[in-house]
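Please open the model in your viewer and keep the sequence panel beside it. The tour below moves from one selection to the next.

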Amino acid sequence: MSTFIHQIPLEILELVCDELETRDLASLVGTCRDTYHRTINRLAQRYTEVHLDFSQDSFNHIHAIANNKVMREQVHRLVVMTPEPYLGRNLEWQRSAAGHIHSPLQIPAVQRFRNDLVEKLTNCRSFVMSPVRTKFVPEEADINDSEHFNPDDAAGILLEIIADTSLPMKLFWYGTGVNYTSSIMDIQRLPKNLFTNPTFKSGWGQLENLHLDHKLTPYNYSFILNMILHAPHLRKIYLSLAPRDLAIEFFSDLAQSASLPSSLERIAICFTSIRAADLIKILNHSRQTLRRVILDDIGGLSSDMSKLQSQLPGCFPQLETVDFNKCQ
């Protein structure tokens with residue numbers, strides 16, 4: 001078998017690999033040393049995005065990838081999108097009096113994961129948290145909200161790792177996900193004093209792409225504002241914030257801040273409300289770099305819409321696209 005595969009031209013073998021399911025391709029890669037060297041790159045390319053559910057098995061899987069010199073180079077994103085009751089299985093999580101996971105970096109599996117990120121998965125600087133619900137998820141009454149490990153706990157641990165290591169971030173996607181009804185960004189579950197931590201600010205300050213889809217509350221209002229204002233090098237931002245009355249106040253505060261990122265290339269504001277004057281102030285901070293503006297299902301603009309549509313293209317020298325959809 002080994003001799004036969006070795007005789008197949010590499011370009012043909014790679015075409016065969018591309019047709020195989022990942023499990024079958026992994027089996028082929030493991031048949032012998034020669035086959036391994038001829039096919040490992042094709043397998044590695046399947047792992048640019050690795051899913052993480054904070055279970056022991058999930059951490060073991062990532063550790064195995066991190067220990068493979070070929071595969072670890074391909075990993076660019078870690079994605080958390082497992083239904084909530086299945087997050088954090090087979091590990092003991094202790095919660096602090098303040099509400100967040102107590103000393104997560106002291107848990108051996110998390111500590112090893114932290115080391116893998118820093119030392120081996122050096123191209124992995126994007127985190128995506130988009131929790132989902134499925135028909136297999138227990139009803140709300142069956143879930144002890146104060147006890148179970150939820151997406152906020154996952155986000156909190158990733159933020160703790162940034163605070164501990166100054167991990168230079170590229171993308172941080174943190175939102176409610178598809179068909180997800182539980183509240184997300186419960187400030188109790190998130191680390192405290194992040195934005196006064198110089199180590200955290202060093203890593204977070206290199207963030208290029210921030211995606212936030214959240215329900216604003218008086219408790220998480222400042223946290224969300226700080227996530228934006230402590231990322232001075234953002235190039236892309238997506239903001240979907242409700243309820244609309246609180247969002248109007250939020251965008252007013254954002255527009256008046258001198259720390260607002262000034263080199264944004266794409267701004268997407270969706271399913272929320274903002275006053276036209278505040279929108280213009282936010283856009284003006286990135287006057288020389290802005291290439292695309294997306295406004296989708298926005299309230300608060302009303303009579304200023306036609307004026308905005310006519311004036312925006314002439315005010316921003318790099319602007320290529322302005323998308324308006326269901327703005328009122």
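The stops that follow are a sheet, a helix pair and some aromatic rings.

This is a predicted model, in which local features need pLDDT of at least 70 and side-chain atom pairs count only at pLDDT 80 or more, while totals for chains, interfaces and linings use all residues. Residues are numbered from 1 along each chain as its sequence is written, and side-chain values use heavy atoms, with hydrogens and water left out.

Begin with the strands (DSSP runs of E, at least two residues, numbered from the N terminus, as are helices, runs of H or I of at least four). Here 9 strands form an open sheet with parallel pairing, in the order S1-S2-S3-S4-S5-S6-S7-S8-S9, where two strands pair if DSSP finds at least two bridges between them. Select strand S1 (49-51) and strand S9 (321-325) to see the edges, since each of these strands pairs on one side only. On average, neighbouring strands of this sheet are turned by 10 degrees against each other, direction ignored.

Next, select residues 236-242 and 266-273, which are strands S6 and S7, paired in the parallel sense over 4 bridges; isoleucine 237 has isoleucine 267 in S7 as its bridge partner. Then add helix H7 (residues 151-165), which packs on the sheet and touches strand S2 (77-80), strand S3 (126-129) and strand S4 (171-175), contact meaning heavy atoms within 4.5 Å. The direction of H7 makes about 165 degrees with that of S3, on a scale where angles run from 0 to 180 degrees between N-to-C directions and axes are lines fitted to C-alpha atoms, for helices over the stretch in contact.

For the helix pair, select H10 (residues 244-256) and H11 (residues 276-284), which pack at an angle of about 35 degrees with their axes 9 Å apart. From H10, residues including Ile248, Phe251 and Leu254 take part in the contact, and Asp278, Lys281 and Ile282 do so from H11.

Finally, turn to the aromatic pairs, of which the whole structure has 11; rings of Phe, Tyr and Trp (its six-membered ring) pair if their centres lie within 6.5 Å, with planes under 30 degrees apart counted as stacked, over 60 as edge-to-face and the rest as tilted. Phenylalanine 54 and phenylalanine 59 are edge-to-face, because their planes stand at 85 degrees, with the ring centres 5.6 Å apart. Phenylalanine 54 is buried at a relative accessible area of 0%, where buried means under 20%, exposed over 50% and partly exposed in between (1.4 Å probe, protein chains only). As a last selection, take Phe172, Tyr174, Phe195, Phe200, Trp204 and Phe223, which ring pairs link into a cluster.
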